[in-house]
Amino acid sequence: MPLHLRNAPTKLMKEIGYGKDYKYAHDFEHNFVNQEFLPKEIAGHQFYNPNDNARENDIRKRLKSLWKDKYGY
């Protein structure tokens, strides 16, 4: 798990970077923040590709507005 996602209940954990630079999505507009949650080995990989139908085209537009060009929606 990336360090910025780890809880830092102790001083030592804070000192070694647990929770550093974590961005709480609900503090941002539309409750979204462009932050990586996956391990380096699979970061940036697209796991979902909306199909070509009315509902999933709306989902594709939403994902594109949030992620911009990161996943090629």
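This is a short tour of the structure above, stop by stop.

**Stop 1: the whole chain**

Start with everything shown. The model is predicted. Colour by secondary structure. How many helices and strands does the chain have? There are two helices and zero strands.

Zoom out and turn the view. The C-alpha atoms fill a box of roughly 50 × 30 × 15 Å along the principal axes. The radius of gyration is 16 Å, whereas a compact globule of 73 residues would have one near 11 Å.

Switch on the surface. The accessible surface is about 5,900 Å². Carbon and sulfur atoms hold 53% of that area. Of the 73 residues, 21% count as buried.

Now think about contacts. Take those with a separation of 6 or more: 35% of them join residues 24 or more positions apart.

Colour by charge next. The chain has 13 positive and 10 negative charges. How far apart are their mean positions? The two means are 4 Å apart.

**Stop 2: helix α1**

Select residues 11–15. This is helix α1. Show the side chains of K11 and E15. They form a salt bridge, with the closest N and O atoms 3.9 Å apart. That value falls inside the 4 Å limit for a salt bridge. The two residues sit four positions apart, about one turn of the helix. Are K11 and E15 buried or exposed? Both are exposed.

**Stop 3: two residues with positive phi**

Move on to the loop between α1 and α2. Select D21, which lies in this loop. Its phi is near 65°, a positive value in a residue other than glycine. D21 has a relative accessible area of 60%, so it is exposed.

Next, select H30. This residue is in the loop between α1 and α2 too. H30 is not a glycine, yet its phi is positive, at about 60°. Why does H30 count as exposed? Because its relative accessibility is 54%, and the cut-off for exposed is over 50%.

**Stop 4: a bridge between distant parts**

Select E36 and K70 together. Their side chains meet in a salt bridge, 2.8 Å from N to O. This pair links distant parts of the chain. E36 is in the loop between α1 and α2, and K70 is in the segment after α2. They are 34 residues apart.

Check how open each one is. K70 is partly exposed, at 31% relative accessibility. E36 is partly exposed too, with a relative accessible area of 22%. Why is E36 not called buried? Its value is 22%, and buried means under 20%.

**Stop 5: Q46 and its contacts**

Keep K70 on screen and add Q46. Q46 lies in the loop between α1 and α2. Draw a distance from Q46 to K70, C-alpha to C-alpha. It reads 8.9 Å, although 24 residues separate them in sequence.

Which residues does Q46 touch, not counting those up to four places away in sequence? Select Y71 and Y73: Q46 touches both. Q46 is partly exposed, with a relative accessible area of 28%.

**Stop 6: helix α2**

Select residues 54–67. This is helix α2. Pick out L66, which is found in this helix. L66 is at 16% relative accessibility, so it counts as buried. Now add H45. The C-alpha atoms of L66 and H45 are 16 Å apart, and their positions lie 21 residues apart in sequence.

Stay in helix α2 and select R62. At 41% relative accessibility, R62 is partly exposed. Draw a distance from R62 to Y73. The C-alpha atoms are 9.2 Å apart, for a gap of eleven residues in sequence.

**Stop 7: the remaining salt bridge**

Select K64 and D69. Their closest N and O atoms are 2.6 Å apart, and they form a salt bridge. D69 is exposed, with a relative accessible area of 63%. K64 is partly exposed, at 34% relative accessibility.

**Last look**

Show the charged pairs together: K11 with E15, K70 with E36, and D69 with K64. How many salt bridges does the chain have in total? The count comes to three.

Conventions. Residues numbered from 1 in each chain as written. Predicted model: local features only at pLDDT ≥ 70, side-chain atom pairs only at ≥ 80, totals over all residues. Heavy atoms only, no water. Rg over C-alpha atoms; globule rule 2.2 N^0.38 Å. Buried < 20%, exposed > 50% of the residue type's maximum accessible area, 1.4 Å probe, protein only. Contact = heavy atoms within 4.5 Å. Areas by Shrake-Rupley, 256 points an atom, 1.4 Å probe, with all protein chains shown as cover. Lys, Arg positive; Asp, Glu negative; His and termini not counted. Charge placed at Lys NZ, Arg CZ, Asp CG, Glu CD.
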